[in-house]
Every structure is written in C-alpha cells, then in structure tokens.
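Biologist: I am just starting to read protein models, and I would love a close look at one part of this one. Could you pick a single helix and walk me slowly through what surrounds it?

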Amino acid sequence: MFKFGCRLPSCFRSIVVVEKNFKRYLSNEVAHQRFFEKRSQIINGKAISSKILSDLKCDIDDWINLGNRRPQLTAVVVGDHPASELYLKNKSRAAGVCGITADIVRCPKTISQRELLNIINDLNSDDIVDAILVQLPCPPHINEKNVFNTINVSKDVDGFNSVNIANLTLHEPGIVPCTALAVNSIIQELDIPEISLEAVVVGCSRYIGLPIFLTLRNYHNLGNVSKHSRNITLTLCNEYTPKSTLFHCLQRSDIIISAVGKPGVIKGDSIKPGAIVIDVGITMMSESKGEKQKFVGDVEFEKARDIASYITPVPGGVGPVTVAMLMANTFHCAVIRKNRKMELDQANSMTED
C-alpha cells in the first residue's frame, strides 16, 4: 500500500501525463473546430498595419531617446511604372507614421546595369543610409539578381540578397523578405488554436512564394519564433501544378496562400470549407475596354469569401502589412548596423591598447 504523500510510481505518473495531454488535445480540437466553422471574416490588413506601425513608432522613439538618429530608408526607382508609384506613396506615408526618414533616388528606365550598380554602391558607402530598397519591377534589361546581390547585406531591407535568402533557408539570423513577414504576421494575428494544421503555398518565386514557404517553416525576425511553425505541414505548388493535384491540396489545407500574380488561379469553390485564405497576388486589370483599371488578386474573392473562415481582400489585405514590415525591417537594419559599429569600435579599441 502506498503511503499518503509518497511519489507515484513512474507507470502511474505516465498515465496521469497521458490523461492531461489527452484533455488538452480534446480542448484544442474543439477550439480548432469552432475556429474553422466561421465564415466570411474579412481580414483588415490596414488595421493590422496600423497596429504594427504604432508599436514600431514607440520602439523608434525609444531608440532616438537613447541618442541614435532616425532610421534612413532610401528607395531606388527605375522608370515610372504606375504600380510602383502607388507603392511608393504608401511607403512614404508609413515611414512618416512611425518616424522613419525616407528618400527616393529616381533613375530613367534607360539607365544601364553598370550605372544602376554604381548608384547602389554609393548608397552602400553612405553611413546615413540604413536600408536600401530597389523598387520592382525593373526594366527587362536590368538583371535583378545582380542588383540585389550588390546591395550590402546589412542594408538589404527587402531581404532579397542571396546571403539573406540563404540565411532564411538555413534558419540563420538575417533580414526576412517583407511579404513573407506580412503573411506570418497575419496568421499570428488570427490566433489560431495550437493544433496540427496543413497549409499550401501556391507560387514559388524567388522573392515572394519561396520566402513565404521558408518563413512558415521556421520564422525568425529579431529573435521571435512563430508558435505555429512546428504545427504546420507545408505543401508548395505553382501555377503549373496539375489542376487535379492543386485541387486536392486546396481541399485539404487549413491555410491557403496564393502568390502567383495570376487572377483566378485559385477557384472559389476549390478551397476547403473554413480555410484561411491569404491572397498575396496582385494584378492591375480592367474587365473591358474603357473601364478604369483596378487591382485584383489570385483568388475568386466573391465565391471564396462564403466558403473561407478568413480571407484577405485585394487591395487592403497583405499589401498594407507588407509595407509595415518594410518599416520594421528598416529599423532592424539600423539596429544591425549600430551593433556592428559598436563591435568594430570595441575591437579597434582593444587593438590600440
């Protein structure tokens, strides 16, 4: 007979642990079911963006009060693409909200590759510039990969330099692409119950789809780790995935992220009932001649909204959050550069001694 207060044998302790875990599982299962029973919840990207920028402003104010200067973002724009101009206005507005200094270097669309790289190298050498952004799309004669690899890794605010992409792949500290951060921020904002989920990313481009996939796998930025990363089973598809295969992936996925840039690639009736749909794709088009052009996403929104639990609109969904994460990355770049300067100064001081 066991005496009162004695420690239970290991076999009984195991039973107690299993019972507690089973109760926790049932609780999460019920929460999961209730969460995905919702319908037609429109994700307000502008509200999420405002929250991020507000928090960021407080961090930057504290940074300045410690004697640091305001973070400086410089955007390099080649040509006058209409979508680029809209993005720049949104970025300038966001920079003003959170207290970041933003500057624009405009280049003609006829600029040569060498001339553009020279401009970037000048910005790399400028101690006032913390973050460099090259606005996409670039003209066809510009090699975007060479452009991004010319940007100093610590100033690569978009996270497109091959070193930063490699760091993301290997789960090493670095600068994460802004759209990937935006998608992860939206998912975390929804506060999904912690239980195993399936997610599909449709679109595997170097700068959008692939970073989103890698970020969901093991998200990191300023030391934060996604609570969902260990609970998500991921599938990566693209616009050339056979329709039957894509349909099967969409039907079983709790989270659907489309980043193809092709209107209608995700059919509204192909998604799993109750799925979370995040539409990253954005295309400017008009339904007929003479109509004013408008932005549309990859997903058949009107059909999908009645089936999904949560869905992002286009515009007003992922876009504003991406801009907010660009500002967060700008501050991140400033912090990285300040820390490296302090380390260098300390090393030089020790050498002189």
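Modeller: Let's start where α6 meets α8: Ile 165, Leu 168 and Thr 169 in α6 touch Pro 211, Leu 214, Thr 215 and Arg 217 in α8. Please keep in mind that this is a predicted model. The axes of α6 and α8 are 9 Å apart, and the two helices pack at an angle of about 35°. If you sort the residues of this contact by class, you find 4 nonpolar, 2 polar and 1 charged.

Now look at another neighbour of α8. Helix α7, residues 178-189, packs against α8, residues 209-217, with the axes 8 Å apart and an angle of about 45°. That angle makes α7 oblique to α8. The crossing of α7 past α8 is right-handed. On the α7 side, the contact is made by Thr 179, Ala 180, Val 183, Asn 184 and Ile 187, while α8 brings Pro 211, Ile 212, Thr 215 and Leu 216. By class, the contact of α7 with α8 has 6 nonpolar residues, 3 polar ones and no charged ones. As you compare the two lists, notice Pro 211 and Thr 215: they appear in the contact with α6, and they appear again in the contact with α7. A general point helps you read such lists: an α-helix has 3.6 residues a turn, so residues three or four places apart point the same way.

With those contacts in view, how many of the residues of α8 are buried? The count is 7 of the 9, so α8 is largely enclosed by the rest of the structure. The buried ones are Gly 209, Pro 211, Ile 212, Phe 213, Leu 214, Thr 215 and Leu 216. What covers them includes the helices α6 and α7, which you have just met, together with the strands β5, β8 (232-237) and β9 (255-258).

Next, step back along the chain to the loop between β5 (197-202) and α8, where Tyr 207 sits. Tyr 207 is buried, with a relative accessible area of 13%. This residue takes part in a group of rings: Phe 148, Phe 160 and Tyr 207 are linked into a cluster by ring pairs. A pair of aromatic rings is described by the distance of the centres and the angle of the planes, and the structure holds 4 aromatic pairs. For Phe 148 and Phe 160, the ring centres are 5.1 Å apart and the planes stand at 80°, so the pair is edge-to-face. Phe 148 belongs to helix α5 (residues 144-150) and Phe 160 to the loop between α5 and α6 (162-169), so this pair ties together parts that are 12 residues apart in sequence. Both of these phenylalanines, Phe 148 and Phe 160, are buried. Phe 148 also pairs with Tyr 207, again edge-to-face, at 5.1 Å centre to centre and 65° between the planes. Here the link is between distant parts of the chain, since Phe 148 in α5 and Tyr 207 in the loop before α8 are 59 residues apart. Phe 148, the residue shared by these two pairs, has a relative accessibility of 1% and so counts as buried.

One more stop is the loop between α6 and α7, where you will find His 171. Its phi is near 60°, a positive value in a residue other than glycine. Most residues other than glycine have a negative phi, and most peptide bonds are trans. His 171 is partly exposed, with a relative accessible area of 38%.

Finally, let's place our helix in the chain as a whole. The chain has 11 helices and 13 strands, and buried residues make up 47% of its 353 residues. Among contacts between residues at least 6 apart in sequence, 73% join residues at least 24 apart. The pair of Phe 148 and Tyr 207, 59 residues apart, is a link of this kind between distant parts. So when you turn the model on your screen, begin with α8, largely enclosed by the rest of the structure because 7 of its 9 residues are buried, and then look outward to α6, α7, β5, β8 and β9, which are among its cover.

Note on methods
Residues are numbered from 1 along each chain as its sequence is written. This is a predicted model: local features need pLDDT of at least 70, side-chain atom pairs count only at pLDDT 80 or more; totals for chains, interfaces and linings use all residues. Side-chain values use heavy atoms; hydrogens and water are left out. Axes are lines fitted to C-alpha atoms, for helices over the stretch in contact, and angles run from 0 to 180 degrees between N-to-C directions. Helices (H or I, at least four residues) and strands (E, at least two) are DSSP runs, numbered from the N terminus. Angles under 35 degrees count as roughly parallel, over 145 as roughly antiparallel, 65 to 115 as roughly perpendicular and the rest as oblique. A crossing is left-handed if the near helix is turned anticlockwise from the far one by less than a right angle, and right-handed if clockwise. Contact means heavy atoms within 4.5 Å. Ala, Val, Leu, Ile, Met, Phe, Trp, Tyr, Cys and Pro count as nonpolar, Asp, Glu, Lys and Arg as charged, and the others, Gly among them, as polar. Rings of Phe, Tyr and Trp (its six-membered ring) pair if their centres lie within 6.5 Å; planes under 30 degrees apart count as stacked, over 60 as edge-to-face and the rest as tilted. Buried means under 20% relative accessible area, exposed over 50%, partly exposed in between (1.4 Å probe, protein chains only).
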